[in-house]
Amino acid sequence: MILDAYKATPDITLAELQALLVDHGTKVALGTRWRFFARRGITRKKTAHATEQDRPYILKRHEEWFDGQLDLDPEQLIFIE
C-alpha cells in the first residue's frame, strides 16, 4: 500500500501519506513511515528547483512577474529585515 502510493505519486509527502493511510484504516507514526522508506533505500532530498516551477501556468506567471520588475528603480526600493 505505502509503496504503491509512493510509485503513483513520487512527490507525496509523509503527511499526505499519513492521510492516505488513515483513509484506508491504517494509522502509523511518522517514524514508521520514515523507516519504511529508509530501509528500502528510498530517499528524497529537497532540490533548489521545485518541480511545480516547470508547469506552464507557473512559468507564464513567473515571466509576467519578472517583466513587471524591469522598470523598477533600485534607488526607490526599501528593504525591511
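Leaving aside its neighbours within four places in sequence, which residues is Gln-53 in contact with? The legends below take you through several close-ups of this predicted model, and the opening view settles that question.

**View A. Gln-53 and its contacts.** Welcome to the loop between helix 3 and helix 4, where Gln-53 lies. Once the neighbours within four places in sequence are set aside, Gln-53 is in contact with Ile-58 and Leu-59. The relative accessible area of Gln-53 is 37%, so this residue counts as partly exposed.

**View B. Helix 2 against helix 3.** Here you can see helix 2 (residues 14-23) packing with helix 3 (residues 30-39) at an angle of about 110 degrees, their axes 10 Å apart. That angle makes helix 2 roughly perpendicular to helix 3. From helix 2, the residues taking part are Leu-14, Ala-15, Leu-17, Gln-18 and Leu-21, and they meet Leu-30, Arg-33 and Phe-37 of helix 3.

**View C. A closer look at Gln-18.** Staying with helix 2, we can pick out Gln-18. Is Gln-18 buried or exposed? With a relative accessible area of 16%, Gln-18 is buried, because buried means under 20%. Beyond the neighbours within four places in sequence, Gln-18 is in contact with Lys-27, Val-28 and Arg-33. Arg-33 also appears among the helix 3 residues met by helix 2. For a sense of scale, try Gln-18 and Leu-77: they are 59 residues apart in sequence, and their C-alpha atoms are 44 Å apart in space.

**View D. The salt bridge in helix 4.** How many salt bridges does the structure hold? There is 1, and this view shows the side chains of Lys-60 and Glu-64 meeting in a salt bridge, at 2.5 Å from N to O. Side chains of opposite charge can pair when their charged atoms come close. Lys-60 and Glu-64 are 4 residues apart in helix 4, so about one helical turn separates them. Glu-64 is partly exposed, with a relative accessible area of 45%.

**View E. A nonpolar patch on the surface.** Three residues, Trp-65, Phe-66 and Leu-70, make a nonpolar surface patch of about 380 Å². Of these, Leu-70 sits in the segment after helix 4 (56-69). Why is Leu-70 called exposed? Its relative accessible area is 62%, and exposed means over 50%.

**View F. Asp-11 and Thr-51.** Our last stop is the loop between helix 1 (2-8) and helix 2, the place of Asp-11. Asp-11 is partly exposed, as its relative accessible area is 42%. Along the chain, Asp-11 and Thr-51 are 40 residues apart, while 9.3 Å separates their C-alpha atoms.

Technical notes: Residues are numbered from 1 along each chain as its sequence is written. This is a predicted model: local features need pLDDT of at least 70, side-chain atom pairs count only at pLDDT 80 or more; totals for chains, interfaces and linings use all residues. Side-chain values use heavy atoms; hydrogens and water are left out. Patches are made of residues with over 30% relative accessible area and no salt bridge: like charges are joined within 9 Å, nonpolar side chains (Val, Leu, Ile, Met, Phe, Trp, Tyr) within 5 Å. Accessible areas come from the Shrake-Rupley method with a 1.4 Å probe; for residues, only the protein chains shown count as cover. A salt bridge is a side-chain nitrogen of Lys or Arg within 4 Å of a carboxyl oxygen of Asp or Glu. Helices (H or I, at least four residues) and strands (E, at least two) are DSSP runs, numbered from the N terminus. Buried means under 20% relative accessible area, exposed over 50%, partly exposed in between (1.4 Å probe, protein chains only). Axes are lines fitted to C-alpha atoms, for helices over the stretch in contact, and angles run from 0 to 180 degrees between N-to-C directions. Angles under 35 degrees count as roughly parallel, over 145 as roughly antiparallel, 65 to 115 as roughly perpendicular and the rest as oblique. Contact means heavy atoms within 4.5 Å.
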